[in-house]
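Hi everyone, thanks for coming. Let me put the structure up on the screen, and then I'll walk you through a few parts of it.

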Amino acid sequence: MDVSGGNHRHEAPWKRMSKEELDNQYSPSRWVVRLGAEEAMRTYSQIGNEVTKRARATGRSLLNVLYGDGDGEKLDIYLPEAVSEGNWGLVVALGSQLGALPWPTRPLFCPTAMPFLVFFHGGYWQSGSKDTSAFMVNPLTAQGVAVVIVAYDIAPKGTLDQMVDQVTQSIVFVQKQYPGNQGIYLCGHSAGAHLAAMMLLADWTKHGVTPNLKGFFLLSGVYDLEPIMHTSENAPLLPALEDAQRNSPLWQLETAPTQPADPACRILVTVGQHDSPEFHRQSREFYQTLCQGGWKASFEELHDMDHFEILWNLTQEDYVLTQAYLDVCVSVGGSINTIHNSNNNKTGATQWETGWLELE
Ligand SMILES: N[C@@H](CC(=O)c1ccccc1NC=O)C(=O)O
């Protein structure tokens, strides 16, 4: 059997790279242009902290809801203001009838129809937290989209297989809790985009429910884990080639293509202009594999963005990508062709252009 996946991977450029070069390619902070690597990571935690505090202070949220039995299996639900009023009454009434059950284990019956965006944070499966990842919450809830931020057991507590399993469970939980949802959209950043992409391979039949998956928003992800095995920081995660292959959506979809449960389901693969060449290659090849497999996919390189600025910009309602997500989540039936990055001049990190979408 050809264990290297598609033919193009025989020529994979990473195979000719030294360990130092691979370490460099797979350290996104080293590719940040406006800050030093350490400062970028500090700013990432700081902004994550602030936006999460703000989201919790300004909107209605259900925090630390258990989606599984493990203590790491918790998620935060941020509800749109208009819809949450009604739901909240129902949740509180039910909660009080159920008496002394601790808050996170009370059932949350919120049958209200709304789209749900479920976000998986990055951090190379070894860092990051739901408590610092509420980036897109405020602009999306303001437009009627519920946002769920999921915690999973990062390494060394969790293995990649366990993380994939937890992510699966969290989506099953959202579907069971909100059966009347108007679509579940999975969004992930970096390692979180990998986890979201793994859901393209999920076998939902054994979970008793097929989630109403209508879209995938994948931000600067890693879809082929084999090169990661050869980097110093991330190698411990992937003890053997088969672990890497089993957990590589690129490899899996090339060898055994899957089909969307909902033919309207679309996948938006994006990478930052300043992400490393390997990150560009990963996104582009994944996009191509998706198209070859018959998935409705689009690919965009985000103008003048680094690995982390993409998330910072998603805190802004007028950022081109926030608008794209809103468009897909809110206007059911629309379809993305292209995001136009209308700004070709380099601007500061805090400035962005509003773009527009071409809808079918
Ligand atoms: N040590 C990594 C950190 C990193 O990759 C990262 C940090 C926060 C959020 C996402 C990340 N990358 C992928 O999951 C770096 O040098 O950039």
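Before I quote any percentages: when I say helix or strand, I mean DSSP runs, with at least four residues for a helix and at least two for a strand, numbered from the N terminus. And please keep in mind that this is a predicted model.

Let's begin with the annotation. An unreviewed UniProt entry gives residues 117–307 as "domain: Alpha/beta hydrolase fold-3". Over that stretch the chain is 31% helix and 19% strand, and its end C-alpha atoms sit 20 Å apart.

Now look at helix 9, residues 277–292. From first C-alpha to last, its 16 residues reach 22 Å, close to the 22 Å expected at 1.5 Å a residue. Several of its residues are buried, including Phe279, His280, Phe286 and Leu290. What do the buried residues of helix 9 pack against? Their partners are helices 1, 6 and 8, together with strands 6, 7 and 8. Just after helix 9 comes Gly294, with a positive phi of about 90°.

On to the ligand, which has 14 residues around it. The closest are Ser29, Gly123, Tyr124, Ser190 and Ala191. Which part of Ser190 lies 2.7 Å from a ligand oxygen, side chain or backbone? For Ser190, a polar side-chain atom makes that approach. With Gly123, a polar backbone atom is 2.8 Å from an oxygen of the ligand, and Ala191 has a polar backbone atom at 3.0 Å from a ligand oxygen. Taken alone, the ligand would expose 400 Å², and the protein buries 91% of that.

That's my tour, thanks for listening!

Key. Residues are numbered from 1 along each chain as its sequence is written. This is a predicted model: local features need pLDDT of at least 70, side-chain atom pairs count only at pLDDT 80 or more; totals for chains, interfaces and linings use all residues. Side-chain values use heavy atoms; hydrogens and water are left out. UniProt positions are given in the numbering used here, feature names are shortened, and annotations may be inferred rather than shown by experiment. The expected span of a helix is 1.5 Å times one less than its number of residues. Buried means under 20% relative accessible area, exposed over 50%, partly exposed in between (1.4 Å probe, protein chains only). Contact means heavy atoms within 4.5 Å. A residue is near a molecule or strand if one of its heavy atoms lies within 4 Å of it. A polar contact is a pair of N or O atoms within 3.5 Å; within protein, one must be able to donate a hydrogen and the other to accept it, and residues adjacent in sequence count only if both atoms are side-chain atoms. Accessible areas come from the Shrake-Rupley method with a 1.4 Å probe; for residues, only the protein chains shown count as cover.
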